[in-house]
Amino acid sequence: MNTSPSYTKIRQLIKQLENIISEEHHYLLSELNTEIEQLVTVLPDTLLSGEYLAKPELDGSSGCYRRGQESVFYCPRCYETQQDLIATQRINSRLRVCPQCIASIKPAK
Ligand SMILES: [Zn+2]
C-alpha cells in the first residue's frame with residue numbers, strides 16, 4: 001500500500017470527481033484508478049514521496065543554486081556555508097536577495 005502525499009491526493013481527487021461526474025461515466029474513473037494503481041507499483045517509493053531530489057547545482061545565469069526541474073533559486077551563500085537551501089526573492093531581472101542571510105545575489109556572468 002502506497003501512502004505518499006501525491007497518491008493520497010490523487011485518490012481524493014478521484015473521489016471528488018465521482019460526486020460531480022454522472023453515473024454513466026464512472027467507468028472512466030474506475031479505469032483511471034486502475035491505471036494509477038499499476039503506475040504506483042512500478043514507481044519507486046522515493047520518487048512518489050518526493051524524497052528524490054536532485055543535487056543543487058550553481059546556475060551561472062542567476063548566481064543561485066538550482067535543483068532538478070524546480071523553478072526555485074536558492075541562496076549560494078547559505079548553501080555553501082551551511083548546506084541550507086533558502087529560496088531567494090527576486091528583486092529585478094539581475095538581482096535577488098536571500099531572506100536568511102540578506103545577501104544580494106547577482107548573475108555570475
Ligand atoms: Zn542566504
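How many bridges join strand 3 to strand 4, and do the two run parallel or antiparallel? Some friendly notes on this follow.

1. To answer that: strand 3 (residues 89-92) and strand 4 are antiparallel, and three bridges join them. The connection between the two strands is a hairpin of two residues. Within this pairing, Gln89 sits opposite Val97 of strand 4.

2. Please keep in mind that this is a predicted model. Its mean pLDDT is 86, with 87% of residues at 70 or more. Confidence varies by element: strand 4 (residues 95-97) has the highest mean pLDDT, 96, while helix 3 (residues 45-48) has the lowest, 59.

3. On the overall layout, the protein has four helices and five strands. Read from the N terminus, their order is α-α-α-β-β-α-β-β-β.

4. Helix 1 (residues 5-20) has 16 residues, and at 1.5 Å a residue these should span 22 Å; the end C-alpha atoms are 23 Å apart, which agrees. None of the 16 residues of helix 1 is buried, so this helix lies largely in the open.

5. Now for the interior. Of the 109 residues in the protein, 13% are buried. The largest nonpolar core is made of nine residues: Cys64, Tyr65, Phe73, Tyr74, Cys75, Cys78, Ile86, Cys98 and Ile105. In soluble globular proteins, nonpolar side chains tend to be buried together.

6. Ile86 is a good residue to look at in that core. Beyond its neighbours within four places in sequence, Ile86 contacts Tyr74, Cys75, Cys78, Cys98, Pro99 and Gln100. Across the protein, 30% of the contacts between residues at least 6 apart in sequence join residues at least 24 apart.

Note on methods
Residues numbered from 1 in each chain as written. Predicted model: local features only at pLDDT ≥ 70, side-chain atom pairs only at ≥ 80, totals over all residues. Core = buried A, V, L, I, M, F, W, Y, C linked by C-beta atoms within 7 Å. Buried ≥ 20, exposed ≤ 12 C-beta atoms within 10 Å, placed from the backbone. Contact = placed C-beta atoms within 7 Å. Expected span 1.5 Å × (residues − 1). pLDDT = per-residue confidence, 0-100. Pairing = 2+ DSSP bridges.
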